[in-house]
Amino acid sequence: MEQLIDALLEWIDHNSSYETGHVPHPIVLQLTPEALTREFYTGVPHLMPDDGVDERVNALYAAGDGPHGTIYLLAAGVYQDAEFFDQPTENPLWREVLLHELVHHVQWQSGVADTWQCPAQGEREAYSLGGRYLTQSAATDPMPNRNFWGMIYSRC
């Protein structure tokens, strides 16, 4: 996982205005859909879906968890087509989700997030970079309206 994080941080360095050489690694935890849903609804369990799984939640970044932030994401083996890869973590769709959260990590570690009106402001950039990553990986983007959703999710 450390080598993959290094590679994705280097990709961010080359495809954005961020310099990532000094960015410490976050903790990365791969979770079941149930565990990720519980993490997402921490503090508001009464809002959690009755079946215990919110299928809209693929990952989240918590800047204050751990020494340098924590990324919580669905385990690579849960992703569609994971069985077609020698290692599920080779799936570019899963890697794009990790990259998206690493963009948030870099935003927080660089201090850019300190200038935002709300934490959602980083979504547009993370969605845009994720789309670029999928294009460069020759992978079909499962989110055809990526720029629209990035704009909607970045509203405060």
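**Exercise 1. Find the bridge partner of alanine 59 in strand 3.**

*Solution.*
Step 1. Start at alanine 59 and look across to strand 3: the bridge partner there is leucine 73.
Step 2. Try leucine 60 next, whose bridge partner in strand 3 is tyrosine 72.
Step 3. Now take the two strands as a whole: strand 2 and strand 3 (residues 70–74) run antiparallel and are joined by 4 bridges. Strands here are DSSP runs of E with at least two residues, helices are runs of H or I with at least four, and both are numbered from the N terminus. Two strands pair if DSSP finds at least two bridges between them.

Before you go on, a word on the model: it is predicted, so local features need pLDDT of at least 70 and side-chain atom pairs pLDDT 80 or more, while totals for chains, interfaces and linings use all residues. Residues are numbered from 1 along each chain as its sequence is written, and side-chain values use heavy atoms, without hydrogens or water.

**Exercise 2. Work out the strand order of the sheet and name the strands at its edges.**

*Solution.*
Step 1. Use strand 3 again: strand 1 pairs with strand 3 in the parallel sense, over 5 bridges. As a landmark, valine 28 stands opposite isoleucine 71 in strand 3.
Step 2. Put the pairings together: the 3 strands form an open sheet in the order 1-3-2, with mixed pairing.
Step 3. The edges are strand 1 (27–31) and strand 2 (59–62); each has a single partner strand, so one side of each lacks a neighbour in the sheet.
Step 4. From one strand to the next, the twist averages 15 degrees.
Step 5. Check the burial of strand 3: 5 of its 5 residues are buried, so strand 3 is largely enclosed by the rest of the structure. Buried means under 20% relative accessible area, exposed over 50%, and partly exposed in between (1.4 Å probe, protein chains only).

**Exercise 3. Describe how helix 2 and helix 3 lie on the strands.**

*Solution.*
Step 1. Helix 2 (residues 33–40) lies across strand 1, strand 2 and strand 3, and runs at about 135 degrees to strand 3.
Step 2. Helix 3 also lies across strand 1, strand 2 and strand 3, but its angle is given to strand 2, at about 20 degrees.
Step 3. To read these angles, note that axes are lines fitted to C-alpha atoms (for helices, over the stretch in contact, with heavy atoms within 4.5 Å), and angles run from 0 to 180 degrees between N-to-C directions.

**Exercise 4. Characterise the packing of helix 1 against helix 4.**

*Solution.*
Step 1. The axes of helix 1 (residues 2–15) and helix 4 (residues 123–136) come within 11 Å and cross at roughly 105 degrees.
Step 2. The two helices are therefore roughly perpendicular, a class that covers 65 to 115 degrees.
Step 3. Pick out the residues that meet: Leu8, Trp11 and Asn15 from helix 1, and Leu129, Arg132, Tyr133 and Gln136 from helix 4.
Step 4. Sort them by class: the contact has 4 nonpolar, 2 polar and 1 charged residues.

**Exercise 5. Trace the salt bridges of the structure.**

*Solution.*
Step 1. There are 3 salt bridges, each a side-chain nitrogen of Lys or Arg within 4 Å of a carboxyl oxygen of Asp or Glu.
Step 2. Glutamate 96 pairs with arginine 146, with the closest N and O atoms 3.3 Å apart. This pair links distant parts of the chain, as glutamate 96 is in helix 3 (residues 92–110) and arginine 146, 50 residues apart from it, is in helix 5 (residues 146–153).
Step 3. Arginine 146 also forms a salt bridge with aspartate 141 (2.6 Å, N to O), and Glu96, Asp141 and Arg146 are thus joined in a network.
Step 4. Add burial: glutamate 96 and arginine 146 are both buried, the latter at 7% relative accessibility, whereas aspartate 141 is partly exposed at 25%.
Step 5. Finish with aspartate 54 and arginine 56, whose closest N and O atoms are 2.7 Å apart. Aspartate 54 is buried at 6%, while arginine 56 is exposed at 69%.

**Exercise 6. Locate aspartate 81 and alanine 138, and give the phi of each.**

*Solution.*
Step 1. Recall that most residues other than glycine have a negative phi.
Step 2. Aspartate 81 has a positive phi of about 70 degrees; it sits in the loop between strand 3 and helix 3 and is partly exposed at 33%.
Step 3. Alanine 138 has a positive phi of about 60 degrees; it belongs to the loop between helix 4 and helix 5 and is exposed at 73%.

Terms used. Parallel < 35°, antiparallel > 145°, perpendicular 65-115°, else oblique. Nonpolar A, V, L, I, M, F, W, Y, C, P; charged D, E, K, R; others polar.
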